[in-house]
Amino acid sequence: MFSIARIGRQRLYARPLYYRTIQQQRTTLTRKCPSCHQLLPSALPACTNCWNISPVPSDITHHQLFDLPYDPNPFSVNLLLLKKKFLEAQTICHPDAWSTRGPHKQDVAQALSARINGAYQSLLNPLSRAEYLLELNQLPMSETDQIDDMEFVSDIMEAREIIEESSDIDEVRVLADANEARIKETISEIEKLSGEKNWSAMKEASIQLRYLEGIRKAANKWIDNNS
């Protein structure tokens, strides 16, 4: 049966002695409208007082868009607060709210709305959040990334074999439950490594999470088709 190897084993990666935070390296968003100088209702450059709206610089992070803290741990996102900030931002920059302000402002609002949607989806899911942070810190994941942990690879192959060959729904459900526990453990490991800014080790754990997500989808599909 699919075993649950310990994801949280000690990793011997050296943390840099010095690093600058993402915010220190990137553009910051002003909190006052450049036109009427009133305090903006959100981190977005969209003023509902004088109806001035501007594009967001490309290097503004997802955390900055929603006025969420990056440090001390960018992976630790309060999902309730994220949803609240997302809904507020969408209300402010929804294209329909700018439809009477001229085509240029509506186009800017449309671009802002699309970017907010993308940022929200990226931060909402643990795997996509990890992928975003790795890319932000110059260590992007790719489809060709390999797993060096042969025990983990063996577990994944065993799980795939069980899903493909099993005729016992209870067996697949047990596997799915074990996989969910392993996903939870891996996400905890990623969060710890993110807090340490140990991007190399975090990438390794994130690649494992991607494989575990694949097992989750395959098991859930099998269960749905055989229930």
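This passage describes the fold, helix packing, cysteines and selected residues of a predicted model.

The overall architecture is a good place to start. The protein contains eight helices and two strands, and their order along the sequence is α-β-β-α-α-α-α-α-α-α. The chain has 227 residues, of which 44% count as buried. When contacts with a separation of 6 or more are considered, 72% of them come from residues 24 or more positions apart.

Two helix pairs illustrate how the later part of the chain is arranged. Helix α6 spans residues 150-165, and its axis comes within 10 Å of that of α7, with a crossing at roughly 150°. Angles over 145 degrees count as roughly antiparallel, and α6 and α7 are therefore roughly antiparallel to each other. Their crossing is left-handed. On the α6 side, the contact is made by Phe152, Asp155, Ala159, Ile162 and Ile163, while α7 contributes Glu171, Leu175 and Arg182. By residue class, this contact between α6 and α7 divides into five nonpolar, no polar and three charged residues.

Helix α7 also packs on the helix that follows. Here α7, residues 169-195, meets α8, residues 199-226, at an angle of about 155°, and the two axes are 9 Å apart. That angle makes α7 roughly antiparallel to α8. The crossing of α7 and α8 is again left-handed. The residues in this contact comprise 18 nonpolar, five polar and six charged.

A closer view of the α7 and α8 region is offered by Ile190, which belongs to helix α7. Is Ile190 buried or exposed? With a relative accessibility of 0%, Ile190 counts as buried, since buried means under 20%. Leaving aside residues up to four places away in sequence, Ile190 touches Phe75, Ala130, Met202, Ala205, Ser206 and Leu209. One of these partners, Met202, is 12 residues from Ile190 along the chain, and the C-alpha atoms of the two are separated by 5.4 Å.

The cysteines deserve a separate look. The structure holds zero disulfides. Cys36 is in no disulfide, and the nearest cysteine sulfur, which belongs to Cys47, lies 3.6 Å away. A disulfide requires the sulfur atoms to be within 2.5 Å, so the 3.6 Å separation of Cys36 and Cys47 does not qualify. Cys36 is partly exposed, and its relative accessible area is 21%. Cys50 is likewise in no disulfide; for this residue the nearest cysteine sulfur is that of Cys33, 3.5 Å away. Cys50 is partly exposed too, with a relative accessible area of 28%.

Gln38 brings the description to the loop between α1, residues 22-25, and β1. At 43% relative accessibility, Gln38 counts as partly exposed. Its contacts, not counting residues up to four places away in sequence, are with Arg31, Lys32, Cys33 and Asn49. Gln38 and Thr48 are 10 residues apart along the chain, and their C-alpha atoms are separated by 9.6 Å.

Some backbone details may also interest a reader who is working with torsion angles. Trp51 is not a glycine, yet it has a positive phi of about 60°. This residue sits in the loop between β1, residues 46-47, and β2, residues 52-53. Asp67 provides another case of positive phi in a residue other than glycine, with a value near 55°. Asp67 is placed in the loop between α2 and α3, where it is partly exposed, with a relative accessible area of 40%. The loop between α2, residues 62-65, and α3, residues 79-93, also holds Pro72. A cis peptide bond joins Pro72 to Asp71, and omega is about 10°.

Conventions
Residues are numbered from 1 along each chain as its sequence is written. This is a predicted model: local features need pLDDT of at least 70, side-chain atom pairs count only at pLDDT 80 or more; totals for chains, interfaces and linings use all residues. Side-chain values use heavy atoms; hydrogens and water are left out. Axes are lines fitted to C-alpha atoms, for helices over the stretch in contact, and angles run from 0 to 180 degrees between N-to-C directions. Helices (H or I, at least four residues) and strands (E, at least two) are DSSP runs, numbered from the N terminus. Angles under 35 degrees count as roughly parallel, over 145 as roughly antiparallel, 65 to 115 as roughly perpendicular and the rest as oblique. A crossing is left-handed if the near helix is turned anticlockwise from the far one by less than a right angle, and right-handed if clockwise. Ala, Val, Leu, Ile, Met, Phe, Trp, Tyr, Cys and Pro count as nonpolar, Asp, Glu, Lys and Arg as charged, and the others, Gly among them, as polar. Contact means heavy atoms within 4.5 Å. Buried means under 20% relative accessible area, exposed over 50%, partly exposed in between (1.4 Å probe, protein chains only).
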